[in-house]
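Please read the following report with the sequence and the structure side by side. It moves from loops to a helix pair and then to the core.

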There are 2 protein chains.
Amino acid sequence: MSRAENRVEITRTIQETARRHLAEVGPAALSLRAIARDVGMVSSAVYRYFPSRDDLLTALIVEAYDELGDAVERADAGVRRRTDLAKRFLAVCDAIHDWARANPHEYALLYGSPVPGYAAPDTTVPAAARVTGAFLRLAQESEREGDDLGAPTRAVGSTERKALDGVRPALESPVADDRMVRWLIAWSTVFGHTSLELFGHMHRGILDYDAHFAQVTGQLAADLGLTRVP
Amino acid sequence: MSRAENRVEITRTIQETARRHLAEVGPAALSLRAIARDVGMVSSAVYRYFPSRDDLLTALIVEAYDELGDAVERADAGVRRRTDLAKRFLAVCDAIHDWARANPHEYALLYGSPVPGYAAPDTTVPAAARVTGAFLRLAQESEREGDDLGAPTRAVGSTERKALDGVRPALESPVADDRMVRWLIAWSTVFGHTSLELFGHMHRGILDYDAHFAQVTGQLAADLGLTRVP
DNA sequence: CAAAAACAAGAGCACTGCTCTCGCAATGTG
DNA sequence: CACATTGCGAGAGCAGTGCTCTTGTTTTTG
């Protein structure tokens, strides 16, 4: 085995081990030394592959974003009737929720408190954008379909219009401001719900997380005009 | 100064110093030894007052919940026309958002990733309940007023009704299930928005956080039937 | 006033991330 | 092919962490 091959191999082994540790003990308790022991190396040797603990964290963050992005895109693509935006929206929401419940520590790494002293490098941006991208894609398609919003929606003033300027470059086809606000609300709600649930704030309040999440996302779909309330 | 007085004094000094450190370096980087140095003690002496780092964290969590609870209740009480539920709702939302922006590390401690290996004791529950309580109180008042919801709202099935059983004991007067779902959505949205904003997920997407937050909470108020969309 | 409890200080243990040096082995080049 | 270069693993070491235990002192209590 050539030296270069060996290097990628060992790098992968370290990252896989780190990922296992992450899933077990969470991001803050991730120990580079413990990972090295598990791999069968001395701790200083790991630094040949990851310059610092933060770089290892970055790799794990990108990996997690990609995995979540895969899950979301797969869920969206799995809906056969592409015009059924409600179904696609619900599939995306469920994918996020399911992935988060299956990988709570990874979810916390992505959407929980930022690791102190750690600034996410630009590497993570495109990976992170995939999840948000799924929402934005659906928003654009809904706009193209000319769907009416399912609930009375406030007009967007000039201040808010300017505030939304940052998201427009990410769009290929335009989305009306009021519709965009609704989609951003849905985005906040889905992640807010998931975080509150996973971080224990619904404890003893909501007795069936899945049922409640389904009710909430169903309501969001209605507000977005993707379904009608009977 | 008597020994008992001295004890509460020192306990408070330690906690205040810890609070300062928390605001500067964040919860994960909180060092008991650094706090001890700052207070002018040796680290082992701190253990006379807080049996472990987690107990100190618990004290900080309760303090933060109380502070946020104070801010929220003060905001609610500050609205003169008590029947103007929209104004009160917006005041509560703004209080949360403002406090979070002013105390990002404290917010992360409360609503970010749980500290690993740390299980919040029951002491924190009543303090945490004050914030949620503000939402629930408004929900009950809105129900008593007989307000119509501002947007078509899906019926609540038996599964979701059961899921909501956990929140009912916290109510003094009943709230219809569909209205409760809308208020829980608002709760998730407010904290979801705040977390996404503070944890950097709106970076370069939303250019004016305050404007966007106002637009979102305004929309929530409308959906809750507290205001009418013109 | 003596016994008991509370306390501050220090040493020490088992960790952590990270740096540096030292040999060894694989690789590239004259 | 021989030699210099480079990559790499191991180890020692530094400064820091949470936490425990012992020692001597001070305060409170019986």
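Helices (H or I, at least four residues) are DSSP runs, numbered from the N terminus. This is a predicted model, in which local features need pLDDT of at least 70 and side-chain atom pairs count only at pLDDT 80 or more, while totals for chains, interfaces and linings use all residues. Residues are numbered from 1 along each chain as its sequence is written, chains are lettered from A and ligands numbered from 1 in the order in which they are written, and side-chain values use heavy atoms, with hydrogens and water left out.

Most residues other than glycine have a negative phi. The table lists two residues with a positive value; exposed means over 50% relative accessible area, buried under 20%, and partly exposed in between (1.4 Å probe, protein chains only).

| Residue | Phi | Loop | Relative accessible area |
|---|---|---|---|
| Arg204(A) | near 65° | between helix 9 (177-198) and helix 10 (209-223) of chain A | 54%, exposed |
| Arg204(B) | near 65° | between helix 9 (177-198) and helix 10 (209-223) of chain B | 53%, exposed |

In chain A, helix 1 (residues 3-25) packs against helix 2 (residues 32-39) at an angle of about 120°, and their axes, which are lines fitted to C-alpha atoms over the stretch in contact, with angles running from 0 to 180 degrees between N-to-C directions, lie 9 Å apart. Among the residues that make this contact (heavy atoms within 4.5 Å) are Ile14(A) of helix 1 and Ile35(A) of helix 2.

Tyr111(B), leaving aside its neighbours within four places in sequence, is in contact with residues of both chains, including Phe199(A) and Phe191(B).

Notes:
Helix = DSSP H or I, 4+ residues; strand = E, 2+ residues; numbered from the N terminus.
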